Amino acid sequence: MTTPSEPRSTDEHGEEPRVVVRDRRRIDPDTGEVRPPAPESEAGAPEAGAVPEAGAEPEAAVVEGEVVPSQEAELKAQLDERTADLQRLQAEYANYRKRIDRDREVVVNTAKASVAGELLSVLDDIERAAQHGDLTGAFKAVADKLVATLERTGLEAFGHDGEAFDPSVHEAVQHDTSPDVAGPTVTAVLRRGYRFGDRIVRAALVAVTDHEPAAAAPAEQADDEPPSDWFDPNDKTNEQI
């Protein structure tokens, strides 16, 4: 005995409801290409099992490597931040290199000035020998090479007759006055001074002559004025009491 099947539901016109099947696959199975996004009427409904967070704004999605505007702005902000960090690091490294080079130059100049200071007594002997005419022959050749080498390293001699006296580089050991100079002037160098760049290695020992105003000439006696030893007999002050 067979059981009759249940009758299908129909609408008021006696037609069966139409079943609509939507293909939501993003890759076309026939061509393998990415399909364009579905219209809002089809894509607006949330997927099954997806639970949106309370109060959270919907984030834009990445479709096959394509970045949506919201993620593009976020990536640009991260890129700007990394670029600023790189520029700051590069500036700090450049300042570090400059500071290291400056400190290295100071150390080198200090070492050169120290070596030159130890040889100043030798330069004094060479200068005295030249003044006495003893700087000749092989001794003169060696002395000239030594002086030229020290000058190439930056050593400079100062202190000459006739230059203005400067207490910062000259040390006065003798003092005199003369009307022939307009101000404090170096008239004799007892020991040469040396500088290395801006650093004074040794001050020069000098004799200084200062200006002395010339003595005023005596005023001529007036013609109508009698000499001081002239005697007037009519002058009562000359009478003896």
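The largest nonpolar core here has 8 residues: Ala113, Ala116, Leu120, Leu123, Leu150, Leu155, Tyr194 and Phe196. At least two of this core's residues come from each of H2, H3 and E4. Keep in mind that this is a predicted model. Below is a quick tour of the cores, the helices, the two sheets and a pair of arginines.

**Cores**

- Leu155, one of the residues of the 8-residue core, has plenty of company: setting aside anything within four places in sequence, Leu155 is in contact with Ala116, Leu120, Leu123, Leu150, Tyr194, Arg195, Phe196 and Val201.
- There is also a second, separate core, this one of 6 residues, with Val169, Val186, Ala204 and Val206 among them.

**Helix H3**

- H3 covers residues 120-131, and its 12 residues reach 17 Å from first C-alpha to last, close to the expected 16 Å.
- Its buried residues are Leu120, Leu123, Asp124, Ile126 and Ala129.
- Those buried residues pack against two helices, H2 (69-118) and H4 (137-153), and against strands E1 (155-158), E3 (185-191), E4 (193-196) and E5 (199-202).
- Two residues of H3, Leu120 and Leu123, belong to the largest nonpolar core.
- After H3 comes Gly133, with a positive phi near 80 degrees.

**Helix H4**

- H4 has 17 residues, which at 1.5 Å a residue should span 24 Å; the end C-alpha atoms are 25 Å apart, so the two values agree.
- Gly154 follows H4, and its phi is positive too, near 120 degrees.
- Lys140 sits in H4, where its relative accessible area of 37% makes it partly exposed.
- The C-alpha atoms of Lys140 and Ala130 are 8.6 Å apart, with the two residues 10 places from each other along the chain.

**Sheet E1-E4-E5**

- This is an open sheet of 3 strands in the order E1-E4-E5, paired antiparallel.
- E1 and E5 take the edges with a single partner strand each, so one side of each has no neighbour in the sheet.
- On average, neighbouring strands in this sheet are turned by 35 degrees against each other, ignoring direction.
- The antiparallel pair E1 and E4 is joined by 4 bridges, and Glu156 stands opposite Arg195 of E4.

**Sheet E2-E6-E3**

- The other open sheet listed here also has 3 strands, in the order E2-E6-E3, but with mixed pairing.
- Its edge strands are E2 (170-178) and E3, each of which pairs on one side only.
- Neighbouring strands are turned by 25 degrees against each other on average, again with direction ignored.
- E2 and E6 run parallel and share 8 bridges, whereas E3 and E6 (residues 204-211) run antiparallel and are joined by 5 bridges.
- Val208 of E6 has partners in this sheet: His175 stands opposite Val208, and Val208 is also the bridge partner of Val186.
- Arg191 has Leu205 as its bridge partner in E6.
- E6 itself is mostly covered, with 6 of its 8 residues buried.

**Arg202 and Arg192**

- Arg202 lies in strand E5 and counts as buried, because its relative accessibility is 14% and buried means under 20%.
- The side chain of Arg202 makes a polar contact of 2.8 Å with the side chain of Asp124, itself one of the buried residues of H3.
- A polar atom in the Arg202 side chain also lies 2.6 Å from the backbone oxygen of Arg192.
- Beyond four places in sequence, Arg202 touches Leu120, Asp124, Phe158, Arg191, Arg192, Gly193 and Tyr194.
- Arg192 is found in the loop between E3 and E4.
- The side chain of Arg192 reaches over to the backbone oxygen of Gly159 at 2.4 Å.
- With neighbours within four places left out, Arg192 is in contact with Glu127, Ala157, Phe158, Gly159, His160, Arg202, Ala203 and Ala204.
- Phe158 is touched by Arg202 and is in contact with Arg192 as well.

Methods
Residues numbered from 1 in each chain as written. Predicted model: local features only at pLDDT ≥ 70, side-chain atom pairs only at ≥ 80, totals over all residues. Heavy atoms only, no water. Expected span 1.5 Å × (residues − 1). Buried < 20%, exposed > 50% of the residue type's maximum accessible area, 1.4 Å probe, protein only. Contact = heavy atoms within 4.5 Å. Core = buried A, V, L, I, M, F, W, Y, C linked by side-chain atoms within 4.5 Å. Pairing = 2+ DSSP bridges. Axes fitted to C-alpha atoms, helices over the stretch in contact; angles between N-to-C directions. Polar contact = N/O pair within 3.5 Å; in protein donor to acceptor, adjacent residues only side chain to side chain.
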